[in-house]
Amino acid sequence: MHLDPTADLGTHDVLNQPADPGDRDLWRDDPLLRAMLAAGGAPLEGLARYGALLGRAGMRDAARDANRHPPELVLFDSGGRRLDELRFHPAWHRFMQDSIAAGYHSVAWEGGPAGHLTHAAMVYLASQVEPGHCCPLTMTYAAVPVISAAGDLPGDWRAALLSRRYDPAVRPLAAKLGATLGMAMTEKQGGSDVRANTTRAEPDGAAWRLTGHKWFCSAPMSDGFLTLAQTGRGLTCFLVPRWLEEGRNAIRIQRLKDKLGNRSNGSAEIEYQRALAWRIGEEGDGIRTIVEMVHHTRLDTAMAPAGLMRAALREAHHWAACRSAFQRRLIDQPLMRAVLADLVLDWQGCLALGLHVAASFDGRGAEDRAFARIGVALAKYLSNKLCPQVVAEAMEVLGGMGYVEDTPLPMLYREAPLNGIWEGSGNVICLDALRTLAREPLAAEMLAARLDAAKGLEPAYDAALAAHRECWGGGVPEAEARWFAERSALLLAAAVLLAHGDADLAGAFVRTRLGAERGRTPGTIPATLAERILARGFPVAE
């Protein structure tokens, strides 16, 4: 039995407030997502179940609990013996269990059709509700190809990482039902310049011993970490198990990071004090070895912002559709419609671009791999530069209500900058894109082919593509790397929308993002375009 809350409060009646939306279905009310996944040959039944599960009101409550009760670092037991453990709220474990059971971390490697595309959709869906738990699952997903290439590790790490059973227990790998993997790369003195790392590795029989400090360890509660350390031959990649058959490995947690957002998830500074490790790849070849993991984590950092944007827009639309001001519903007021329509274009463009790039990760040919390398950099850059602005504008739609923790907007706002920093900040990503195009002619060729495929569908697109090539046909100065990356990403997003989206949406995206029919701030688009976007119904159905 359900009892409605009391609206008569004695001193006043509660009026003009949107009702609680109750259960939502994140899969059913997202037509572009469903269309692109169907076109990509992804198995839809599992995604439908996952989207419906995440949309339940109880999962929103669990997300709030997980973020209001962050993990606790327990360094010692009552007798003063070291534990170096994290303790999580039950809501965190609920998300981990449900997402692992759905295959968030494993579906890409299980041999089914469109595995990476399906995984990308799960990242997008999960990020809309509780993005913190995505971190350890993304790291686990991305580590699988690195672990799979290492043939002499003790224990079946690949099988443990692909297990759909969540097991947070403190046990060695052989006693676990499933495992997760984190990453510990950056150090204080180098940051993104990992070649400056000073952590040392010394051989110890078939194994190695690591000594050093890591300024940022992603998911320190994991069962192991991929890390970099210096041997006599240079920077080398290692797997460091968290728990050993004989006890705890010598991994000491110094402190948990007091982060702006991503509060449900643990991140730490750690020290290796002659920690046992196993080498992966050749000595001195650490960056080449671990870059495969970085490549796959970048896919997730391109998809997650699209999920954050969608979640924020859903809240904004629900508020605007249910609240009145100045004798009209907010959703019926022309300026509000222009703002919402403009934000829809950012969200849908990033969603379409991210899914298109994800599909190339499933390709087996050299062409697909080459496009994935340049495509994921462009998608990551664009989606992360747009996300904070979209979330902030959605918060403004709710006014003061959007600024308080009773809504998910503050959590989404704190999360919005994260993926732009993780796995390469904006400058790093743009410079990587230039290097890829310069060193890999096939990547440049595949990007050009994808852009050319949309020619003839929209005159404004053809003109923008021609201008783009005229501007940078002779090369891209380093100082213009961001300008080039942004323009390339917008062109690629437009090409995808022209091929897969509806004509009104794609035409409006081209004219406002590639043409001159837009100001610098959201909502500064022609009224006719705004109405064309919203006339067929807001793409976040209530």
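Helices here are DSSP runs of at least four residues, numbered from the N terminus. With that in hand, the tour of this predicted model can begin at its surface. Tyr-403 sits in the loop that connects helix 10 (366–397) to helix 11 (409–415). The residue has a relative accessibility of 66% and, because exposed means over 50%, Tyr-403 counts as exposed. Together with Met-401 and Val-404, Tyr-403 makes up a nonpolar patch on the surface, and the accessible area of the three residues together is about 300 Å².

Attention turns next to charged side chains. Side chains of opposite charge can pair when their charged atoms come close. In this structure there are 32 salt bridges, and a few of them are worth a closer look. One of them joins Arg-209 to Asp-204, with an N to O distance of 2.9 Å. Both partners are partly exposed: the relative accessible area is 23% for Arg-209 and 34% for Asp-204.

A salt bridge is also found between Arg-337 and Glu-531, where the closest N and O atoms are 2.9 Å apart. This pair ties together distant parts of the chain, since Arg-337 belongs to helix 9 (residues 334–361) and Glu-531 to helix 18 (residues 527–534), 194 residues apart. Arg-337 has a relative accessibility of 15% and, because buried means under 20%, this residue counts as buried. Glu-531, at 34%, counts as partly exposed.

Within helix 13 (residues 426–439), Arg-435 and Asp-432 are 3 residues apart, about one turn of the helix. Their side chains meet in a salt bridge with an N to O distance of 2.3 Å. Here it is the acidic partner that is buried, Asp-432 having a relative accessible area of 17%, whereas Arg-435 is partly exposed at 37% relative accessibility. Elsewhere, Asp-342, Asp-346, Arg-513 and Arg-518 are joined into one network by salt bridges that share partners.

The interior comes last. Rolling a probe the size of a water molecule over the atoms shows where empty space is left. In this model, 3 cavities of 30 Å³ or more are present. The largest cavity holds about 110 Å³ of space. Its lining consists of 15 residues, and those nearest the centre are Pro-131, Cys-134, Ala-304, Asn-419 and Trp-422. Two or more lining residues come from each of helix 5 (115–127), helix 6 (134–148), helix 8 (286–322) and helix 12 (418–421). By class, the lining of the largest cavity comprises 9 nonpolar, 4 polar and 2 charged residues.

The second largest cavity contains about 40 Å³ of space. Lys-380, Tyr-381, Asn-384, Lys-385, Gly-420, Gly-424, Ser-425, Gly-426 and Ile-429 line this cavity. Helix 10 and helix 13 are the elements that give two or more residues to the lining, and helix 10 gives the most, with 4 residues. The lining of the second largest cavity divides into 2 nonpolar, 5 polar and 2 charged residues. Helix 10 thus appears twice in this account: it borders the loop that carries Tyr-403, and it contributes to the lining of the second largest cavity. Helix 13 likewise returns, as the element that holds Arg-435 and Asp-432 and as a contributor to that lining.

Definitions and conventions. Residues numbered from 1 in each chain as written. Predicted model: local features only at pLDDT ≥ 70, side-chain atom pairs only at ≥ 80, totals over all residues. Heavy atoms only, no water. Patch = residues over 30% accessible without salt bridge, like charges linked within 9 Å, V, L, I, M, F, W, Y side chains within 5 Å. Areas by Shrake-Rupley, 256 points an atom, 1.4 Å probe, with all protein chains shown as cover. Salt bridge = Lys/Arg side-chain N within 4 Å of Asp/Glu carboxyl O. Buried < 20%, exposed > 50% of the residue type's maximum accessible area, 1.4 Å probe, protein only. 1 Å grid on protein atoms, 1.4 Å probe; cavity = no way out; pocket = protein on both sides within 12 Å on 5 of 7 lines; lining within 4 Å. Points joined across faces, edges and corners; volume = space filled by probe spheres on them. Nonpolar A, V, L, I, M, F, W, Y, C, P; charged D, E, K, R; others polar.
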